[in-house]
Amino acid sequence: MPDAAVAARSSDSTNSGTTQQVDVAVVGAGFAGLYLLHRLRKAGFSAVVIEEAGDVGGTWYWNRYPGARCDIQTIDYSYTFDSELESAWQWSEKYATQPEILRYLGFVADRYELRRDIRFRTKVTAANWDQSAERWRLTTDNGAGISCRTYIMATGCLSAPKPPEIDGVKDFKGEIYFTGRWPHDEVKLAGKRIAVIGTGSSGIQSIPLLAEQAAHLTVFQRTPNFALPAHNGPAPAERRALLEGDRTTYREQARWSLAGVPYPQQMAVSWQLSDAERRERFEQAWATGDLVYILTQLWADQGVDVNGNALLADLIREKIRDVVKDPETAEALTPHDHPFGAKRPCLDTNYYATYNRPNVTLVNLRQEPITEITASGIATDKRNFDVDVIVFATGFDAMTGAIMAVHPITGRDGKSLSDVWANGPQTYLGLTVSGFPNLFMITGPGSPSVLSNMAVSIEQHVDWVVDRLAAMREAGFTTIDATETAQAGWAQHMADCSMMTLHRLANTWYTGANVPGKAQGVMPYTGGVGPYRSICNEVVGRGMLGFKLSGPDVAEQCNDGEVVRLQPDVRLVLGMLVEMNLPQIEQLGAQGARDFLTEFNKGRPAGRPVGEVGDGVLHGADGLLSYRLYRPATPGPHPIVVYFHGGGWVLGDEQSDDPFCRDICRRSGMIVVSVGYRHAPEHRFPAAAEDGYAATRWIAEHAAELGGKPGPVLVAGWSAGANIAAVTCQLARDRGGPQIAGQLLICPVTDCRFDRPSYTDNAVGYFLTRSMMFWFCDIYCSPADRTDPRASPLRGNLANLPPALVATCEFDPLRDEGIEYAEAMAAAGVPVEQLQARGHIHTSLMMVDVVVTGVSGRAKMAEALRGFAGLPRKLEASGEEASPIAVNAAAG
Ligand code: NAP
């Protein structure tokens, strides 16, 4: 239906008695509610929007404090659903002011004649699911109740202001304002003594303007925040040209980006850049004045690794010290308690410089907490501050506040949403809650929401919901409810995602920490806008996976399950590999496959620096073999780990697992010697196995020359390399040495058979395929050789082997034989630890700085190696790791 026709048509709701009957009721007439109403009408649903305010605008209606602006560039913070609307409106500034954004939303409401279906100055006071009628019954504080099939919360994430939480507010005789509920009439502040409590985005935007008017401004700061200069002005011409040059591509890139703004994934990692290069990037970002840019574009590890993040945070701290003249004030304004970006950073105009004004005082509440508000002002435990005005910029009960606290919502079987969410929000996709049929949330907890450009996330949610409602109507379904399995799976996926970024390391409103007594946990989805969109699409593509659909005249439908079982970064990697349309390795021939692997490895992040990397040759079973040695930066001698690379006995060499060897060297504080053993088909079984044993013996005998600690060595390997490591342990036991203190077997081949369930479950789709393993085994050894314990160590004698850590991955054809080997060794009396990596694939643990969710696994491996060597299991100052494919996003 053309948009003009939609505008001319209002929703066809009916009043039965005192109840308004509609298909859909929506709460909130902000960005989300307005677009929702438009789309619902266009799809032929009758709809009403209930809005507490006197007009449209949502957050932009209420937050009228001085200095209120958006801090995502306005050309990105706009509706994109109608190109005519886009052409009809021109933003005047890079970051539009609150009045301009409110005018825009009013313009949108007029253009599509939305106001006539909005009930202003009305609050929903209760919402109950009526099971027999399969409808929601709403009561309101203004006019008729509402009966609707579908109830949608478009309430925004930051719309329930937090109470002051300070004693004595009622005693204050002066004026009190909340930034989140700023009066509509002019507030006269000139010449007054003003206090501001709070230094989040609202405080930081308003403080410079309040300081210009005040006789004196006193800022009460509990926690300093990172703020970056906005460099506001006209919308940058370059960006505008980019948008106008190809609007469709620009918008599409935003939809599939990580933060909802079309910036690419940054690939360079901090340790590949020199100090000067990092500073240059930083200065350029500082001059750009763009939150998403500085949050995502400097280096790939800035948002996911504490060390990479600290490099950036230090540069920002330097800027604060440069601007603020009084060193004590500068120090008080400098954040040290959270990684940059883990708490929502702010964009400012003259914020830090404001503290150089003679009429501005900063009170550090960490040193002198507020004790009470008195009739004349604010008392700390050290001083009294007499003021005329107090501005509370103390924030919101974010994400859940407006949904849960505003009115009781009662779902199936009388379940209350407050009870269901007592320990934190539980949702499926951040869109629905199991047990609350036909209830949707726009940008709810569990969706990218505040970690994205809200405009992009809102459109995605609205489109998804309205498209689903239309499809249900078409199919005769009248109710939709998420299953508990799907919801629990989403909670697990959320938890997995939260391990990829640093948000979990800060106490913020993202985690509920700003509201006393609120359940704690990262509430927004940290996996990124594009990945989230693809998951929502996947749910639809898989027959509404995780939803129960029913209707009076159709059979119930329920494809139950969890939409994402892979770790989030593994899912991204697999998606990228699919897009690369890689050849089937087993069809390339051995040399073709080797060439392919060499090329493929060129694209991965280089490993991190270690003390020294050196190459040499050692004696194998039948001649010289190359090796590469990785030495820690710490003083030696260090224990030695003999490492065997993966590659199915056919591919790879002593350098092909380079990032992993560096990582394990750094984490364990040990020398790693990676051995270039002989490969099939040139050298078939038992060449690789015998080389493994001979190399280990040679390295043990030459430990001192290699700078290592004489005595027992350790062995480690991945995949076919783990097979060689396991075999080496058996041969060393049977052939009188060398002494091996421990074995680390990562995804080992232990039995050349292909009939275990993991071979069937994970035959294709997880990088290492069943047919690739067939091919490797065929090249390496004949069927008759496969019963030899040097090919299939599971068939050997497992008693008296060195202690082992066996790591297996859930989505790996080799999973079951690895677990069986661990269990069999344990049964034979060998001390064995197992690491079963949930949601991982065969290559996960090797993909250093790509699969960040593999970090904890590698940390455990290093600890186990240290334990085998008789060292304290934890190496001091090991730090957190980075993943260039995960990113820290911004909010808008
Ligand atoms: P906020 O970020 O939660 O900041 C609240 C501030 O008040 C914090 O400094 C907090 O200190 C302090 N505070 C809270 N309770 C306090 C108490 N009892 N005593 C002393 N200090 C107290 O809230 P906000 O500034 O309103 O911003 C919320 C979010 O809204 C932002 O992060 C942003 O996403 C969005 N926002 C966006 C814009 C924009 O785009 N333009 C503008 C404004 C807001 P602690 O840190 O110690 O808790």
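In this predicted model, strand S2 (residues 19-27) runs parallel to strand S7 (residues 145-153), and 8 bridges join the two. A convenient place to see this pairing is Gln-21, which stands opposite Ser-147 in S7. Strand S2 also has a parallel partner in strand S3 (residues 47-50), to which 4 bridges join it. Here Val-27 has Ile-50 of S3 as its bridge partner. As a general reminder, the strands of a sheet pair through backbone hydrogen bonds, in either a parallel or an antiparallel sense.

Strand S7 can also be followed in the other direction, towards strand S6. The strands S6 and S7 run antiparallel and are joined by 3 bridges, with Leu-138 standing opposite Ile-146 in S7. They form a hairpin with 4 residues between the strands, in which Gly-143 takes a positive phi near 95°. Strand S6 (residues 135-140) is paired in turn with strand S5 (residues 124-130), again in the antiparallel sense, over 6 bridges. Two tryptophans mark this pairing nicely, as Trp-129 stands opposite Trp-136 in S6. S5 and S6 form a hairpin as well, with 4 residues between them, and the turn holds Glu-134 with a positive phi of about 50°.

A further parallel pair is made by strand S10 (residues 216-221) and strand S13, over 5 bridges. Within this pair, Val-219 has Leu-362 of S13 as its bridge partner. Strand S13 (residues 360-364) is mostly covered, with 4 of its 5 residues buried.

Two open sheets deserve a look of their own. One has 3 strands in the order S14-S15-S16, with antiparallel pairing. Strand S14 (370-373) and strand S16 (384-386) each have a single partner strand and stand at the edges, so one side of each is left without a neighbour in the sheet. On average, neighbouring strands of this sheet are turned by 20° against each other, direction ignored. S14 is joined to strand S15 (residues 377-380) by 3 bridges, the two running antiparallel, and Ile-373 finds its bridge partner in Ile-378 of S15.

The other open sheet also consists of 3 strands, in the order S20-S21-S22, and its pairing is antiparallel. Its edges are formed by strand S20 (479-482) and strand S22 (554-558); each has a single partner strand, so one side of each is left without a neighbour in the sheet. In this sheet, neighbouring strands are turned by 15° against each other on average, direction ignored. S20 pairs with strand S21 (residues 547-551) in the antiparallel sense over 4 bridges, and the bridge partner of Ala-482 in S21 is Phe-547.

Turning to the ligand, 26 residues lie around it, and of these Arg-69, Asp-71, Ser-202, Thr-223 and Lys-343 come nearest. The shell divides into 9 nonpolar, 9 polar and 8 charged residues. Helix H6 (residues 201-213) gives the most to this shell, with 3 residues. Several side chains place a polar atom by the ligand. An N or O atom in the side chain of Lys-343 is 2.7 Å from a ligand oxygen atom, while an N or O atom in the side chain of Lys-162 is 2.9 Å from a ligand nitrogen atom. Trp-509 has a polar side-chain atom 3.0 Å from an oxygen atom of the ligand. Taken alone, the ligand exposes 900 Å², and the protein buries 91% of that area.

Two individual residues complete the description. Asp-76 sits in the loop between helix H3 (59-62) and helix H4 (83-88). Its relative accessible area is 3%, so Asp-76 is buried, the cut-off being under 20%. The side chain of Asp-76 makes a polar contact with the side chain of Tyr-250, at 2.6 Å. Val-108, in contrast to this loop residue, lies in a helix, H5 (residues 98-111). With a relative accessibility of 2%, Val-108 also counts as buried. The C-alpha atom of Val-108 is separated by 75 Å from that of Ala-784, a residue 676 positions away along the chain.

Definitions and conventions. Residues are numbered from 1 along each chain as its sequence is written. This is a predicted model: local features need pLDDT of at least 70, side-chain atom pairs count only at pLDDT 80 or more; totals for chains, interfaces and linings use all residues. Side-chain values use heavy atoms; hydrogens and water are left out. Buried means under 20% relative accessible area, exposed over 50%, partly exposed in between (1.4 Å probe, protein chains only). Two strands pair if DSSP finds at least two bridges between them. A residue is near a molecule or strand if one of its heavy atoms lies within 4 Å of it. A polar contact is a pair of N or O atoms within 3.5 Å; within protein, one must be able to donate a hydrogen and the other to accept it, and residues adjacent in sequence count only if both atoms are side-chain atoms. Accessible areas come from the Shrake-Rupley method with a 1.4 Å probe; for residues, only the protein chains shown count as cover. Ala, Val, Leu, Ile, Met, Phe, Trp, Tyr, Cys and Pro count as nonpolar, Asp, Glu, Lys and Arg as charged, and the others, Gly among them, as polar. Axes are lines fitted to C-alpha atoms, for helices over the stretch in contact, and angles run from 0 to 180 degrees between N-to-C directions.
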